[in-house]
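Please work through the exercises below with the sequence and the model at hand. Each task is followed by a solution in steps.

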Protein chains: 2
Amino acid sequence: MNDELLRVLSRPPRERADAARNRARVLDAAARLFTEGGVEALTVDAVARAAEVGKGTVFRRFGDKSGLVAALLDERERRLQERIVFGDPPLGPGAPARDRALAFFDAYLTHLADHLDLVRLSETAAPGARYRVGSYVFWHRHLAILCADRPDPDHLAHVMLGMVDADLNAELREHGYSWDRIRAGVAAAVGALFGPTAAP
Amino acid sequence: MNDELLRVLSRPPRERADAARNRARVLDAAARLFTEGGVEALTVDAVARAAEVGKGTVFRRFGDKSGLVAALLDERERRLQERIVFGDPPLGPGAPARDRALAFFDAYLTHLADHLDLVRLSETAAPGARYRVGSYVFWHRHLAILCADRPDPDHLAHVMLGMVDADLNAELREHGYSWDRIRAGVAAAVGALFGPTAAP
DNA sequence: AACATAACCGGACCAGAGTCCGTTTGTCTA
DNA sequence: TAGACAAACGGACTCTGGTCCGGTTATGTT
């Protein structure tokens, strides 16, 4: 019984083969449905049907709809995360914090422009969904570290991320804002929030 | 037929008596349900039943659930709006723009703290709901005017209002942020966004 | 007072998210 | 290879927001 204990403690609860297969099927089906019919076609029932899987399976694997969509975005976001951690400055390590933050928002807005509908769906599918998705936590920590010398970095990071809220930006777009205009506004605000540049 | 034209042009499409009566009943029932069972008890069916009114009536009067909740908040918000337009400085006219903005956020955060659940409900009931509610438009215009001399006042106003997003602040509260901490963070950010104070 | 009509009413109906639970299946041990 | 059991399965079910439409009623005109 001792080795059972050991097993339990050390086991990173591996995913069963059928579970993994179904995760892939669901993700696949979701991606297909989205490219075919846009965000409108992306209902949980339709995804389950297209994946030839029960609806319960979708929820067990992804928690809720917002989780499913987040998983759909995961690969793209992971790429951006890697560029932040390992990539070249100014996005990656090495550049001054302010420049890194500006580079981040520039890159993130590109991501947002490319996937506005999906990001919006994942952020509005449930109240508070935005702040629980793994990637939000990543962006938040990154920014909080970048402005570590400000009074409340944690809060400031949330405030900054508010500027790239998908719902807000979708609304701005509908009101005729160009992405360039949004980019400029965000850059200006980020600059201001980082405080005045050290005068030469 | 000329006076018919006149009538049509001048008529502010008055509300029928039964319509007005039902609006009051619904609002009443909603308020009662909320004080009794909190935001959880506030389903459209329950409201309609409590108001002894068909469900369709609720939707015809208020558009959607978020509209109903917004109407519930309307009175309180109207009071704040009056203080902004007619009240004493620094909230009302007369104080420097920066001070007025700071006073606004302070007052708004008080409002938010008092009605967090309702505001959150009205903002998350539907995607984009937040930006369509009348009061948001009011706050936005007010702020945009206050920072009229900045490069993109319209966008900047949206950014600032992002800091008092109900969903965000509900999340912050759940993570243990005190309202004082939030207040301080918002004040600092608003100050920074208004640019450095003119040095004496 | 009778009429015309536009606004309003109610509740049956629909769609989509999320839950539940009896059944099946993968995996690990003996 | 047989057996035990946790994990996963699937689809019927519930709950809630929102739509629709045939019938009703307030209102203003004649």
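The exercises concern a predicted model and treat the surface near DNA strand C, then the relation between the two protein chains.

**Exercise 1.** Determine how many residues surround DNA strand C and how they divide by character.

*Solution.* Step 1: a residue is near the strand if one of its heavy atoms lies within 4 Å of it. Step 2: by this criterion 23 residues surround DNA strand C, and the closest are Lys55(A), Lys65(A), Arg16(B), Asn22(B) and Thr57(B). Step 3: the residues of this surface comprise 13 charged, five polar and five nonpolar.

**Exercise 2.** Identify which helix gives the most to the surface near DNA strand C.

*Solution.* Step 1: at least two residues each come from helices H2 (17-37) and H4 (55-62) of chain A and from helices H2 (17-37) and H4 (55-62) of chain B. Step 2: H4(B) gives the most, with five residues.

**Exercise 3.** State which part of DNA strand C the protein approaches, and list polar contacts to phosphate oxygens.

*Solution.* Step 1: of the strand atoms within 4 Å of the protein, 61% belong to sugar or phosphate, and the rest to bases. Step 2: polar side-chain atoms lie 2.8 Å from a phosphate oxygen of the strand for Arg61(B) and 2.9 Å for Arg60(B). Step 3: for Asp18(B), a backbone N or O atom lies 3.3 Å from a phosphate oxygen of the strand.

**Exercise 4.** Establish how chains A and B are related.

*Solution.* Step 1: chain B is superposed on chain A by a rotation of 180 degrees with 0.0 Å of shift along its axis (RMSD 0.0 Å). Step 2: the two copies are therefore related as by a two-fold rotation axis. Step 3: 100% of the interface residues of chain B are also interface residues in chain A, so the copies meet through the same surface.

Technical notes
Residues are numbered from 1 along each chain as its sequence is written. Chains are lettered from A and ligands numbered from 1 in the order in which they are written. This is a predicted model: local features need pLDDT of at least 70, side-chain atom pairs count only at pLDDT 80 or more; totals for chains, interfaces and linings use all residues. Side-chain values use heavy atoms; hydrogens and water are left out. A polar contact is a pair of N or O atoms within 3.5 Å; within protein, one must be able to donate a hydrogen and the other to accept it, and residues adjacent in sequence count only if both atoms are side-chain atoms. Helices (H or I, at least four residues) and strands (E, at least two) are DSSP runs, numbered from the N terminus. Ala, Val, Leu, Ile, Met, Phe, Trp, Tyr, Cys and Pro count as nonpolar, Asp, Glu, Lys and Arg as charged, and the others, Gly among them, as polar. Copies are superposed by least squares on the C-alpha atoms of residues with pLDDT of at least 70 in both. Contact means heavy atoms within 4.5 Å.
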